Amino acid sequence: MKHRWWRSGLAVWLAALLLAPTYALPAAQVRFLGPREKEPGLTIPETDLNEEQKIIHLLNRIGFGPRPKDIERVKQMGIAAYIEQQLHPETIPDPEMGQRLAGFETLEMTPFELLATYPPPQILRVIEQRLAPQMGMDPEAAGVMFPELERYRTRQDPSASSGQ
């Protein structure tokens with residue numbers, strides 16, 4: 001009983017939140033940043049820490065702590081530039097990762113191509129159990145007509161494809 005009240009209260013609260021009117025800002029207060037336009041420069045507050053302590057503090061707060069050579073890299077770049085780079089990871093050059101990912105053809109596929117090449121098992125089961133018998137196909141004909149179905153069968157029972 002207690003849980004039902006809590007759920008219904010949550011549902012009412014979420015509905016009120018979703019249905020509440022939204023207030024638009026006057027056009028003079030809205031500012032959109034263009035693709036090349038950046039936010040105003042980052043200012044680093046002054047503290048009693050020396051530069052290396054600031055960098056270690058930054059690396060502990062912004063990530064999982066300093067790795068070898070991270071402190072030197074941040075010293076060379078500057079703290080503000082490092083933070084900007086972390087906020088915009090697309091600006092970090094990583095040619096090695098591009099080479100590693102080049103072999104994965106699925107990364108370049110559209111969602112439609114992915115679905116056609118790798119259909120979900122539920123669709124393949126429907127083809128195998130319902131559609132093929134309704135069309136009067138034997139299981140082998142369905143596998144020939146739908147190569148994805150044959151790959152699915154092979155993954156499900158590897159001994160079937162080896163003729164054992």
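Student: In this predicted model, where does Gly78 lie?
Tutor: Look at the helices on either side. Helix H3 covers 70–77, and H4 is the other neighbour. Gly78 lies in the loop between H3 and H4.

Student: Is Gly78 buried, partly exposed or exposed?
Tutor: Buried means under 20% relative accessible area, and exposed means over 50%. Gly78 has a relative accessible area of 22%. That value falls in between, so Gly78 is partly exposed.

Student: What distance separates the C-alpha atoms of Gly78 and Ile55?
Tutor: Along the chain, the two residues are 23 residues apart. In space, their C-alpha atoms are separated by 9.0 Å.

Student: At what angle do the axes of H2 and H4 cross, and is that roughly parallel or roughly antiparallel?
Tutor: H2 spans residues 51–62 and H4 spans residues 79–87. Their axes come within 11 Å and cross at roughly 15 degrees. Angles under 35 degrees count as roughly parallel. Therefore H2 is, relative to H4, roughly parallel.

Student: Which residues of H4 make the contact with H2?
Tutor: H2 contributes Lys54, Ile55, Leu58, Leu59 and Ile62. By class, the contact has 7 nonpolar, 1 polar and 1 charged residues. From H4 come Ile79, Tyr82, Ile83 and Gln86.

Student: Is the crossing of H2 and H4 left-handed or right-handed?
Tutor: Take H2 as it passes H4. The crossing is right-handed.

Student: Why do the buried residues of H9 line one face of the helix?
Tutor: H9 covers residues 147–156, and its buried residues are Leu149, Tyr152 and Arg153. They line one face because, seen down the axis of H9, they fall within an arc of 100 degrees.

How values were computed. Residues numbered from 1 in each chain as written. Predicted model: local features only at pLDDT ≥ 70, side-chain atom pairs only at ≥ 80, totals over all residues. Heavy atoms only, no water. Axes fitted to C-alpha atoms, helices over the stretch in contact; angles between N-to-C directions. Helix = DSSP H or I, 4+ residues; strand = E, 2+ residues; numbered from the N terminus. Parallel < 35°, antiparallel > 145°, perpendicular 65-115°, else oblique. Left-handed = near helix turned anticlockwise from the far one by under 90°. Contact = heavy atoms within 4.5 Å. Nonpolar A, V, L, I, M, F, W, Y, C, P; charged D, E, K, R; others polar. Buried < 20%, exposed > 50% of the residue type's maximum accessible area, 1.4 Å probe, protein only. Arc of directions from axis to C-beta.
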